[in-house]
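Reader: I would like to go through the labels used for this structure and see what each one rests on. Where should we begin?

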Amino acid sequence: MKEMIQKLKSQFETKLKDVNDQKSLEDLRLDFLSKKGQITQLMKELSKVPNEQKKEAGQLINSFKQEVLERYEGKKEQLISLQEKLLIDGAESYDDSMPTGCPCGSYHPITLVQRELEDIFESMGFDVEDYNEIVDDYHCFEALNIPKYHPARDMQDTYYLTTKNQLLKSHTSAAQNAILKKYGKDLKEKGRPIRAVFPGRCFRNEAIDACHENTFFQMEGIMVDKDISVSNLIYFMKTMLSEVFSKEVTVRLRPGFFPFVEPGFELDIQCLICEGEGCSSCKNSGWLELCPCGMIHPNVLKYGGINTEENPYEYTGFAFGLGLTRLAMMKYGVKDIRTFNSGDLSSLSQFVSR
Ligand code: FA5
């Protein structure tokens, strides 16, 4: 990994030297920093690194990425000031393809958190999947062991379409069945564990307040293989939280009921707005429900075609449903969840683009 990074570093420096206009700067960004860029490819290589070296390799990639970002931003600033100088001097050589100091948009904080999490999970060998916002009753509930008229449906009222039994998905768990089916073949034939995260917008018909929205984001994750246990689940949750916050955060794990996991847990984070004292962001409890999780129920694995009736425990797995919007609240110290959908530029433009 060290050699690969070294090689990329020198490639980057050579290309950076040749950047002298908007186009070459953008080409450099696409080449190294975009979703399909070289750094993302490097992260994919992590899955091939032996487990005991993964942590160090991950840190090396992250600091390389940070360095590339800083060098890129530095070059951009340099081009902007050059351009402004030319503008002031009224020079004939003014190049209108160069970047200017005009204010430009920034990514939404939820996009930033989502991308950061995707990078973290990709570095741990997870695939990132996308899924529909309109789903049917089967995928949102029945395939998750929630039959029609089951009382657990009351916890997630959503918006129903008038056609074909369709609805706006109330949780990202609605994608579990499709993901299990998509990767099940590789699991059984090639022994490739299923490791996938799938972020998405969710909808619920509920009263909104400082920590509840009717439209919010979650990121679901599943891992399925032989002998997956609660310890694997706890390891991944801890790693994810320490990477996202880059500091110690207090969490608690308590039993939780969801028909699609057994056993099920609620993973709460101590409110970072009031540091556990109690405030409107955490409904005065000092804690915020962040990431329910558990071991995937045998019925869900069966409906996803992973296990058979005869051998219902051949494969086991865990699943989690991270509240992305709540995570963004905690990470950026946003007191009211409604800020995110408000379109208020004075709040939203504070977030740095990437
Ligand atoms: C679920 O949605 C389950 N599908 C999660 C799950 C997945 C459990 C896999 C087990 C295994 P819940 O309704 O608690 O669970 O929502 C999960 C998280 O989404 C919550 O902890 C919270 O962070 C966030 N969330 C839920 N409702 C809202 C809302 N109205 N506004 C903002 N965030 C919400």
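Author: With a term: a molecule sits in a pocket if more than half of its atoms lie within 2 Å of the pocket's grid points. The model is predicted, and by that criterion the ligand sits in the second largest pocket.

Reader: Which elements give two or more residues to the shell around the ligand?

Author: They are β5 (215-225) and β10 (316-323). The largest share, 4 residues, comes from β10.

Reader: How many residues surround the ligand, and which are the closest?

Author: The ligand is surrounded by 24 residues, and the closest are H171, S173, R204, E206 and E213. By class, the shell has 11 nonpolar, 7 polar and 6 charged residues.

Reader: What makes the pairing of E206 with the ligand a polar contact?

Author: The cut-off for a pair of N or O atoms is 3.5 Å. A polar side-chain atom of E206 lies 2.4 Å from a nitrogen atom of the ligand, so the pair counts as a polar contact.

Reader: Which backbone atoms lie at such distances from the ligand?

Author: Among them is a polar backbone atom of E213, 2.8 Å from a ligand nitrogen atom. Another belongs to E289: a polar backbone atom there is 3.0 Å from an oxygen atom of the ligand. Taken alone, the ligand exposes 670 Å², and the protein buries 96% of that.

Reader: Why is N145 called buried?

Author: A residue is buried when its relative accessible area is under 20%. N145 has 16% relative accessibility, and therefore counts as buried. N145 is found in the loop between α6 (137-140) and β3 (166-168).

Reader: What polar contacts does the side chain of N145 make?

Author: One is with P259, whose backbone oxygen lies 2.9 Å from a polar atom of the N145 side chain. Another, of 3.5 Å, joins the side chains of N145 and H297.

Reader: What makes helix α10 mostly covered?

Author: The count is made residue by residue, with buried meaning under 20% relative accessible area. In α10 (residues 324-332), 7 of the 9 residues are buried. These are L324, T325, R326, L327, A328, M329 and M330.

Reader: Which residue follows α10, and is its phi positive or negative?

Author: G333 follows α10, and its phi is positive, near 65 degrees.

Methods:
Residues are numbered from 1 along each chain as its sequence is written. This is a predicted model: local features need pLDDT of at least 70, side-chain atom pairs count only at pLDDT 80 or more; totals for chains, interfaces and linings use all residues. Side-chain values use heavy atoms; hydrogens and water are left out. A residue is near a molecule or strand if one of its heavy atoms lies within 4 Å of it. A polar contact is a pair of N or O atoms within 3.5 Å; within protein, one must be able to donate a hydrogen and the other to accept it, and residues adjacent in sequence count only if both atoms are side-chain atoms. Accessible areas come from the Shrake-Rupley method with a 1.4 Å probe; for residues, only the protein chains shown count as cover. On a 1 Å grid over the protein atoms alone, a cavity is a set of points where a 1.4 Å probe fits but cannot get out, and a pocket is an open set with protein on both sides within 12 Å along at least five of seven lines; lining residues have an atom within 4 Å of a point. Ala, Val, Leu, Ile, Met, Phe, Trp, Tyr, Cys and Pro count as nonpolar, Asp, Glu, Lys and Arg as charged, and the others, Gly among them, as polar. Buried means under 20% relative accessible area, exposed over 50%, partly exposed in between (1.4 Å probe, protein chains only).
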